[in-house]
Structure formats: C-alpha cells, structure tokens
Amino acid sequence: MKLTTVTQLTIDGVVQGNGGASDEDRRTGFERGGWALGRGDDETRALIARTYQRADAFLFGRRTYELFARSWGSVEQMRATPIGVALNDAPKYVASTTLTDPAWAGSTVLPGDLAAAVRELKAKPGGELQVHGSGTLVRWLLANDLVDELVLTVVPVVLGQGTRLFPADGPDFVLELIESRVDSKGVSTQVFRPAGRPQYV
C-alpha cells in the first residue's frame with residue numbers, strides 16, 4: 001500500500017486544533033482551535049470525502065485516534081456520512097505505546113518496532129494506507145522515509161501559536177508537486193511526493 005499523509009494546516013504551518021481545541025490542547029495553553037471549520041467550499045469538502053473513501057486502511061497516532069473514535073466512531077450522525085462509513089468499514093491501526101485496548105471496532109495497536117510494523121503494513125496488498133491528522137506521527141514517518149505522498153490542505157489563516165507540522169529544527173527533503181488546486185474560499189490542496197534531499201551551495 002502507498003502511505004499517504006493527509007494534513008490540514010494554516011499558512012504558518014500549525015496543525016493543532018483544526019476542528020476545535022481539546023481539553024488536552026487547553027492544558028498546554030492552546031486556545032485557538034476550530035480554525036478549519038467552514039473554511040473550504042463544497043468542492044473541497046467533496047474532495048476530502050473522496051480521499052477518505054479511497055483508503056484501504058488508516059494509520060493514526062494515539063491522540064488523533066481517540067478524537068476520531070469519539071466522533072466518527074461513536075456519533076451516529078457522523079458514522080452515517082461518507083467519511084464515517086469509510087472510517088468504520090476500513091481497518092484502523094494505531095501507533096501508540098500507551099493505548100492497549102482500543103474500543104473502536106476494527107482497530108489494532110501496532111506492537112514493538114514501529115518502523116517495521118509500518119513497513120509490514122505497506123507491504124500488504126491494497127491501494128492506500130492513509131494517515132489523517134496525527135502530526136507527531138507524520139513528522140516521525142517523514143523522518144524515517146516512510147511517506148509516499150503528502151496531501152496538504154492549507155487554510156488561509158495565520159494562527160500565531162500552536163504545534164506546527166514541520167519543526168524549526170528537523171529533517172530536510174525536496175517535495176515533487178503532483179497535483180494542486182485552490183477553491184473559491186482560498187483553501188489550497190497540494191499533493192506532493194518526497195523526492196530526496198535538497199542540494200545546498
């Protein structure tokens with residue numbers, strides 16, 4: 001399977017709290033949640049739904065998994081949407097050392113060596129293993145050269161605080177643009193493929 005990360009972020013690269021600040025966010029002083037709600041147009045919402053629908057399996061970090069399980073996995077109105085159906089029908093894998101008994105049906109906690117477990121998932125037959133949200137996991141996957149494509153949906157807002165997708169001091173890599181679009185509300189979606197390391201002079 002191709003491993004694709006799907007991330008909503010602000011112009012200044014923040015990924016935290018796109019759907020709303022959680023209690024965990026607020027405990028760390030983050031109060032600017034919900035910045036992605038209502039930002040995209042109908043075409044962007046349809047594109048997001050189609051993205052979920054083409055997944056053969058999902059991979060989550062612990063925090064995003066728990067947020068999704070409480071919403072897409074538990075709220076009947078959300079479960080019935082195209083995104084909810086896709087999430088509930090497909091296998092879900094969680095990268096966590098603290099979660100031991102996932103309650104969401106179809107979920108498996110990845111054991112032991114995470115890099116080996118992800119490579120094993122990628123070797124399974126199928127089209128796409130998707131990672132939604134899960135910023136910490138995405139940064140780790142990128143640092144370990146496990147990402148095949150990145151879908152970045154950039155919302156035209158500058159947050160000025162919050163956890164960013166790319167750290168101030170992290171790995172460097174070149175991205176090859178595969179696809180790009182901008183909707184009527186200024187939300188842009190770009191699909192990139194990692195293409196090695198930059199050359200410096």
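A residue is called buried here when its relative accessible area is under 20%, and that cut-off underlies much of what follows. The structure is a predicted model, and this briefing looks at strand β5, at the strands that pair with it, and at two individual residues, H132 and A143. With the cut-off in mind, E128, Q130 and H132 point one way from β5 while L129 and V131 point the other way, and all of them are buried.

**Strand β5 and its surroundings**

- Strand β5 covers residues 128–132, and because five of its five residues are buried, the strand is largely enclosed by the rest of the structure.
- Strand β1, made of residues 2–10, runs parallel to β5 and is joined to it by five bridges; within this pairing, K2 stands opposite E128 of β5.
- Strand β2, made of residues 57–61, also pairs with β5 in the parallel sense, here over three bridges.
- Two facing positions help to locate the pairing of β2 with β5 on the structure: A57 stands opposite L129, and L59 stands opposite V131.

**Strand β2 and its link to β3**

- Five of the five residues of β2 are buried, so this strand, too, is largely enclosed by the rest of the structure.
- Both faces of β2 are covered, since A57, L59 and G61 on one side and F58 and F60 on the other are all buried.
- Besides its pairing with β5, β2 is joined by four bridges to strand β3, which consists of residues 92–95 and runs parallel to β2.
- In the pairing of β2 with β3, F60 stands opposite V94.

**Residue H132**

- H132 lies in strand β5, and it counts as buried because its relative accessible area is 3%, which falls under the 20% cut-off.
- The side chain of H132 makes a polar contact with the side chain of Q130, at 2.7 Å, and both residues belong to the group that points one way from β5.
- When neighbours within four places in sequence are left aside, H132 is in contact with V6, T51, Y52, F58, L59, F60, T64 and F68.
- Among these contacts, F58, L59 and F60 are residues of β2 that are themselves buried.

**Residue A143**

- A143 is placed in helix α7, which spans residues 135–143.
- With a relative accessibility of 40%, A143 counts as partly exposed, whereas H132 is buried.
- A143 and R27 are 116 residues apart along the chain, and their C-alpha atoms are separated by 28 Å.

Technical notes: Residues numbered from 1 in each chain as written. Predicted model: local features only at pLDDT ≥ 70, side-chain atom pairs only at ≥ 80, totals over all residues. Heavy atoms only, no water. Buried < 20%, exposed > 50% of the residue type's maximum accessible area, 1.4 Å probe, protein only. Polar contact = N/O pair within 3.5 Å; in protein donor to acceptor, adjacent residues only side chain to side chain. Contact = heavy atoms within 4.5 Å. Pairing = 2+ DSSP bridges.
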